[in-house]
Each structure stands twice: as structure tokens, then as C-alpha cells.
Amino acid sequence: MKHLWFGAGLLAVLLAVSLWLGDSMQTLHEDPARDLEKAARAAMEEDWALATALYNRSEKNWQSRRNRTAVLIHHDLISQIDMGFAALENYARREETGSFAATCDQLAIQIRSIPQSHRFRWWNF
């Protein structure tokens with residue numbers, strides 16, 4: 001009988017930790033996504049100094065959160081985001097407005113989609 005209670009307690013702890021991690025991921029990824037959206041707007045206005053600074057700050061924020069995120073999600077999405085940041089560097093260097101803005105918006109969507117699959121919602125249960 002003790003094994004049953006131990007197993008039930010362990011499952012309850014795992015459920016609580018997973019719910020907490022799922023909700024905390026949203027706040028972790030909001031800042032990099034917001035900076036990417038601002039960088040896209042700055043690039044469309046041909047303000048490359050601001051666009052570059054914003055995407056660099058976003059990449060720095062992403063890199064600081066990347067490993068914590070990699071523990072919880074499938075690594076294909078992380079690889080896509082890393083490749084997107086590498087492409088942004090090339091677009092910013094060449095000042096390709098359309099490609100830079102589109103990649104910023106795509107990365108913001110990908111980063112915001114990370115917590116969606118881990119939040120407590122009835123369709124995820």
C-alpha cells in the first residue's frame with residue numbers, strides 16, 4: 001500500500017512541477033519575441049542601428065534561456081530558432097529589409113509558440 005501512495009505522491013509532484021514550468025515559460029520567452037517585433041519595425045523604417053541592437057538583445061536573451069527551454073521541448077524548434085538568428089545576422093549586415101523583417105516576425109512567432117504546447121489547457125491535457 002505504501003508503494004501506491006508513494007507513486008501517487010510522485011505523480012502529483014511531477015504534475016505540479018510541469019504546470020509551474022509550463023506557465024513560467026511564457027514569461028521567459030516574451031521579451032525576446034517583443035524585441036524581434038520591434039527590430040522588424042525598425043528595419044522597415046530603415047533604422048538599422050536600432051534594428052541591430054534589438055535583434056542582438058533578443059538573441060542574447062534567447063541564448064540565456066535556450067538551455068532551460070531545451071530541457072522541456074523538442075530540439076527541432078530550437079535548431080530552427082538558432083538558424084533564424086544566424087540568418088538575421090546576414091540580413092542585417094547586408095541591410096536586406098524585407099528578409100530581415102520577415103525573419104524577425106517568423107522568429108517571434110516561433111519563440112511565442114514554445115510555451116503554447118506546455119501550458120495547462122484542456123486540449124493539452
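How many salt bridges does the structure hold? The structure holds 8 salt bridges. Before turning to them, it helps to look at the chain as a whole.

This is a predicted model. The pLDDT of the protein chain averages 86, and 90% of the residues score at least 70. Confidence is lowest in α1, with a mean of 83, and highest in α4, at 93. Where pLDDT is low, the predicted coordinates should not be read in detail.

The protein chain has 4 helices and 0 strands, and from the N terminus its elements run α-α-α-α. Helix α1 covers residues 2-44; the others are α2 (48-72), α3 (75-94) and α4 (97-113). Of the contacts with a separation of 6 or more, 71% are between residues 24 or more positions apart.

The interior comes next. Of the 125 residues in the protein chain, 33% are buried. In soluble globular proteins, nonpolar side chains tend to be buried together. Here the largest nonpolar core has 26 residues, and Leu 36, Phe 85, Leu 88 and Phe 100 have the most contacts inside it. Helices α1, α2, α3 and α4 each supply at least two residues of this core, with α1 giving the most, 7 residues.

Leu 88 shows how such a residue is surrounded. Beyond its neighbours within four places in sequence, Leu 88 is in contact with Leu 36, Tyr 55, Phe 100, Thr 103, Cys 104 and Leu 107. Ala 102 is not among these contacts; its C-alpha lies 9.7 Å from that of Leu 88, and the two are 14 residues apart in sequence. Ala 102 belongs to helix α4 and is partly exposed, with a relative accessible area of 45%.

Is Asp 35, a residue with a charged side chain, buried or exposed? Asp 35 counts as buried because its relative accessibility is 5%, under the 20% cut-off. Asp 35 lies in helix α1, and leaving aside neighbours within four places in sequence, it touches Leu 54, Arg 57, Ser 58 and Asn 61.

The surface has nonpolar parts too. The protein chain exposes about 7,900 Å², of which carbon and sulfur atoms supply 61%. Phe 6, Leu 10, Leu 11 and Leu 14 form a nonpolar patch on the surface, with about 460 Å² of accessible area together. Leu 10, in helix α1, counts as partly exposed at 45% relative accessibility.

Now back to the salt bridges. Side chains of opposite charge can pair when their charged atoms come close. One such pair is Glu 30 and Arg 34, with 3.9 Å from N to O. Both lie in helix α1, 4 residues apart, which is about one turn of the helix.

Other pairs join two helices. Glu 37 forms a salt bridge with Arg 112, with 2.4 Å between the closest N and O atoms. Because Glu 37 lies in helix α1 and Arg 112 in helix α4, the pair ties together parts that are 75 residues apart in sequence. Glu 37 is partly exposed at 26%, and Arg 112 is partly exposed at 26%. Arg 66 and Asp 82 also meet in a salt bridge, at 2.8 Å from N to O. Arg 66 is in helix α2 and Asp 82 in helix α3, so this pair ties together parts 16 residues apart in sequence.

Some of these residues belong to a wider arrangement: Glu 30, Asp 31, Arg 34, Glu 37 and Arg 112 are linked in a network of salt bridges.

Definitions and conventions:
Residues are numbered from 1 along each chain as its sequence is written. This is a predicted model: local features need pLDDT of at least 70, side-chain atom pairs count only at pLDDT 80 or more; totals for chains, interfaces and linings use all residues. Side-chain values use heavy atoms; hydrogens and water are left out. Buried means under 20% relative accessible area, exposed over 50%, partly exposed in between (1.4 Å probe, protein chains only). Contact means heavy atoms within 4.5 Å. Accessible areas come from the Shrake-Rupley method with a 1.4 Å probe; for residues, only the protein chains shown count as cover. A nonpolar core is a set of buried Ala, Val, Leu, Ile, Met, Phe, Trp, Tyr and Cys residues joined through side-chain atoms within 4.5 Å. pLDDT is the predictor's confidence in each residue, from 0 to 100. Patches are made of residues with over 30% relative accessible area and no salt bridge: like charges are joined within 9 Å, nonpolar side chains (Val, Leu, Ile, Met, Phe, Trp, Tyr) within 5 Å. A salt bridge is a side-chain nitrogen of Lys or Arg within 4 Å of a carboxyl oxygen of Asp or Glu.
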